[in-house]
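Trainee: I am new to this structure and would love a close look at a single part of it. Could you walk me through one place where two helices meet?

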Amino acid sequence: MAECERPDPVAGSFRLWPAFSPAALRRRFLDAIACGARGRRKVCGGVDAAEPRPIGPRPGWSDRLAELLQEEAADSVAVYATEDAARGKIVDAAEPRPIGSRPRGSERLAELLHEEAADSVAVDVAEDAAGRQITSLEELQRVVTLMQLEGWNASKARRMAAATDVRRLAKDNPEAREMLALLGAIPPLVAMLDSEEPDGQIAALYALLNLGIGSELNKASIVKAGAVHKMLRLIESGSSLAVSEAIVANFLGLSAFDSNKPLIGASGAIPFLLSTFQNPDTSPTARQDALRALFNLSIAFSNLPLLIDAGTVPSLLASIGDMAVSERSLAVLSNLVAYVEGRRALSRSPDAFAILVDVLGWCDAAACQEIAVYVLMVMAHKGHSDRAAMVAAGAVSALLEVALLGTLLSQKRASRLLEILTGDKGKGVSNIASSSVTLAVSAPLSGRAAPIAPATEGMSEERKAVKELVQQSLQSNMRRIIRRAKLLPDFTPSDRFKKLTITSTSKSLPF
């Protein structure tokens with residue numbers, strides 16, 4: 001590198017301390033940058049030091065810094081000239097300026113250097129991100145190209161590996177799911193379902209499952225490509241249990257999209273999902289997936305007749321009691337009773353009301369209580385004949401307990417249902433009540449019925465029967481509350497309490 005040459009100072013005009021002034025130091029710094037000697041010990045016209053040359057800065061960085069320093073020097077000269085003119089003082093250009101006369105000059109220089117460093121870091125981050133995106137896109141293109149190769153028998157292993165890569169890439173990356181679908185990964189995966197190899201079928205099924213996560217567009221594209229019918233053909237051909245569970249998982253994901261619900265229901269997937277739910281050999285995860293898929297399908301009104309015809313109501317009632325699936329089974333039932341045929345199927349099912357009334361006593365399952373009360377309320381509101389069956393199953397006693405101890409929602413529903421059961425809306429309720437007032441489910445624990453107050457002499461026989469039933473239920477539930485409060489076992493209600501319960505009516509209940 002050529003050495004920078006500067007003319008020697010003229011003899012007689014050389015002064016020592018101006019060389020250390022701020023202006024002289026800035027000039028020397030600019031000269032060092034122009035000479036390419038930044039980071040080394042070098043004097044213009046001298047010899048390089050022994051330490052190694054550092055790696056050069058980013059192209060254009062030194063030029064930018066030189067411009068900034070020149071601007072700083074120009075600003076400094078202008079400020080000095082302005083100050084001298086204001087004082088009316090004429091100073092020689094060679095006269096040094098005192099060090100520290102512009103304290104803000106170094107601060108300005110530091111700010112400029114920090115801005116330059118921040119811009120450099122931002123450029124590095126952007127370049128790294130762009131590089132990663134390019135690498136990811138190239139990998140996605142490679143995977144899709146492998147799946148699109150013609151001839152399954154010729155490239156079976158490679159296409160299976162590509163499907164496994166799609167499953168891995170789409171698992172936790174929404175951008176990769178979108179890009180893979182745009183590149184055309186869905187049709188080859190759906191075509192792989194025609195393979196006779198179970199491993200290839202499973203790889204394609206789970207790849208499709210991950211592509212549909214969180215993407216309604218991908219779910220619609222999978223159904224449009226014919227994946228549902230191919231999955232059902234696999235079931236009809238006697239697929240393995242692992243393939244069946246993968247298909248159930250896909251039906252669960254695809255049925256979450258509202259537009260797919262009627263298509264999946266009409267395709268004939270409901271009997272398969274119901275049989276998977278009932279199969280004792282099914283894994284707990286697959287059983288839960290099948291029940292959740294049935295719940296998704298029950299949201300669409302067009303699927304309700306298909307669900308009822310498949311025998312969903314008896315299967316759901318039989319599953320109540322298994323705490324792993326009871327809440328979801330009750331939720332499906334709550335959707336089915338919105339349809340008239342669903343209510344008829346529930347009424348025809350043996351012990352249906354006894355099962356639902358038993359759920360009302362699940363104090364540690366508040367959600368199940370709320371749904372069970374809702375189902376009973378819909379059944380009582382829509383069908384007068386069902387009210388007598390509810391009373392016979394002990395619904396009034398259980399509803400009183402829920403109205404006192406349940407959640408806010410279950411209390412409101414229980415109160416509404418009690419109004420329906422104890423009102424004049426159902427004539428059949430009075431008949432069944434008058435003939436069954438001594439049933440164990442509603443009789444007081446003392447074993448004797450409470451006497452009817454003289455105030456009821458002018459009442460009809462129907463109202464007397466309902467009144468007596470309510471009084472007995474109040475006493476029975478009060479004893480249950482006492483037992484739960486862990487009071488003394490020989491505690492008995494006072495005469496005043498008995499008198500209050502005897503003279504009370506359904507309209508005076510606090511709910």
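**Two helices side by side**

Mentor: Happy to! Let's begin with how one helix goes past its partner: helix 4 passes helix 7 in a left-handed crossing. Please keep in mind that this is a predicted model. Helix 4 covers residues 156–170 and helix 7 covers residues 198–211; their axes lie 8 Å apart and form an angle of about 25°. Because angles under 35 degrees count as roughly parallel, helix 4 is roughly parallel to helix 7.

Now look at the residues that meet. From helix 4 come Met160, Ala163, Thr164, Val166, Arg167 and Ala170, and on the side of helix 7 you will find Asp199, Gly200, Ala203, Ala204, Tyr206, Ala207, Asn210 and Leu211. Sorted by class, this contact has 9 nonpolar, 3 polar and 2 charged residues.

A good residue to click on next is Leu189. Leaving aside neighbours within four places in sequence, Leu189 is in contact with Ala163 and Val166, and also with Ala204, Ala207 and Leu211, among others including Met147 and Leu208. Leu189 is also one of the residues with the most contacts inside the largest nonpolar core, a set of 98 residues; Phe251, Leu346, Leu399 and Leu421 are the others named there. Helix 19, residues 366–382, gives the most to this core, with 9 residues.

Stepping back to the whole chain, there are 25 helices and 0 strands. Of its 511 residues, 42% count as buried. Among contacts between residues at least 6 apart in sequence, 69% join residues at least 24 apart.

Definitions and conventions: Residues are numbered from 1 along each chain as its sequence is written. This is a predicted model: local features need pLDDT of at least 70, side-chain atom pairs count only at pLDDT 80 or more; totals for chains, interfaces and linings use all residues. Side-chain values use heavy atoms; hydrogens and water are left out. Axes are lines fitted to C-alpha atoms, for helices over the stretch in contact, and angles run from 0 to 180 degrees between N-to-C directions. Helices (H or I, at least four residues) and strands (E, at least two) are DSSP runs, numbered from the N terminus. Angles under 35 degrees count as roughly parallel, over 145 as roughly antiparallel, 65 to 115 as roughly perpendicular and the rest as oblique. A crossing is left-handed if the near helix is turned anticlockwise from the far one by less than a right angle, and right-handed if clockwise. Contact means heavy atoms within 4.5 Å. Ala, Val, Leu, Ile, Met, Phe, Trp, Tyr, Cys and Pro count as nonpolar, Asp, Glu, Lys and Arg as charged, and the others, Gly among them, as polar. A nonpolar core is a set of buried Ala, Val, Leu, Ile, Met, Phe, Trp, Tyr and Cys residues joined through side-chain atoms within 4.5 Å. Buried means under 20% relative accessible area, exposed over 50%, partly exposed in between (1.4 Å probe, protein chains only).
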